Structures are given as structure tokens and as C-alpha cells.
Amino acid sequence: GRSELFKTIVKRVQIALLAHGVFKGAIDGDVGPATRKALRTYQGKHGLKQTGTITPETLDSLKVPSTP
């Protein structure tokens, strides 16, 4: 279902953030405090709006697909 796809996308985002050196948490598919902090850091470094959430612009910048 949709929730499994979301968890998969979150894991992809966490792996990409880890590769960029801004995330040090577990690759668990949950958007917890460490993931939100890493998203804000990444977004700030890349001129994106610092939402701490997975925005379409952030997915594009990280080159993470939003499809299964």
C-alpha cells in the first residue's frame, strides 16, 4: 500500500542523506528527529526551502525516485 511505498521512499532519502554526510541515524524508513535535522541541513546547503520534510524539490535534488 501507500504506507509501504512511503517507507521505501524515506529509506532511499535516508541513504542519500547518509551519502551526502548529513545523516547518521538508522535507515529505518521513519521520519524521526535525525532525519528531519538532516533534511534541513541538506536543504540549507543546496538552496532549498528548509522544511525538514521530504518535498518534491528535495527528492529531485537527491535524485530519489518517488515511484516503486
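1. Start with T35: at 2% relative accessibility this residue counts as buried, where buried means under 20% relative accessible area, exposed over 50%, and partly exposed in between (1.4 Å probe, protein chains only). T35 lies in helix α2; helices here are DSSP runs (H or I, at least four residues; strands would be E, at least two), numbered from the N terminus. Setting aside neighbours within four places in sequence, T35 is in contact with Q14, L17, F23 and D30, and contact means heavy atoms within 4.5 Å.

2. A word on what you're looking at. This is a predicted model, in which local features need pLDDT of at least 70 and side-chain atom pairs count only at pLDDT 80 or more, while totals for chains, interfaces and linings use all residues. Residues are numbered from 1 along each chain as its sequence is written, and side-chain values use heavy atoms, with hydrogens and water left out.

3. Now the core. Which residues make up the largest nonpolar core? Twelve of them: I9, V13, A16, L17, V22, F23, A38, L39, Y42, L59, L62 and V64. Helices α1 (2-19), α2 (33-45) and α3 (56-62) each supply at least two of these residues, and α1 gives the most, with four. By nonpolar core I mean a set of buried Ala, Val, Leu, Ile, Met, Phe, Trp, Tyr and Cys residues joined through side-chain atoms within 4.5 Å.

4. Two core members are worth clicking on. Leaving out neighbours within four places in sequence, L17 is in contact with V22, F23, T35, A38, L39, Y42 and L62. A38, found in helix α2, counts as buried because its relative accessibility is 1%. With the same four-place neighbours left out, A38 touches L17, V22 and F23. For a sense of distance, A38 and K49 are eleven residues apart in sequence and 13 Å apart in space, C-alpha to C-alpha.

5. Is Q43 buried or exposed? Buried, because its relative accessibility is 0%. Q43 sits in helix α2, and its side chain has two polar partners: the backbone nitrogen of T51 at 2.9 Å and the backbone oxygen of T53 at 3.0 Å. A polar contact is a pair of N or O atoms within 3.5 Å; within protein, one must be able to donate a hydrogen and the other to accept it, and residues adjacent in sequence count only if both atoms are side-chain atoms. Beyond its neighbours within four places in sequence, Q43 is in contact with L48, K49, Q50, T51, G52, T53, T55 and T58.

6. How many salt bridges does a search of the whole structure find? One. D30 pairs with K7, the closest N and O atoms being 3.5 Å apart; the cut-off is a side-chain nitrogen of Lys or Arg within 4 Å of a carboxyl oxygen of Asp or Glu. The pair links distant parts of the chain, with D30 in the loop between α1 and α2 and K7 in helix α1, 23 residues apart. D30 is partly exposed at 41% relative accessibility, and K7 is partly exposed at 30%.

7. Last, the surface. I15, L18 and I27 form a nonpolar patch with about 250 Å² of accessible area together (Shrake-Rupley method, 1.4 Å probe; for residues, only the protein chains shown count as cover). Patches are made of residues with over 30% relative accessible area and no salt bridge, nonpolar side chains (Val, Leu, Ile, Met, Phe, Trp, Tyr) being joined within 5 Å and like charges within 9 Å. I15 is found in helix α1 and is partly exposed, with a relative accessible area of 48%.
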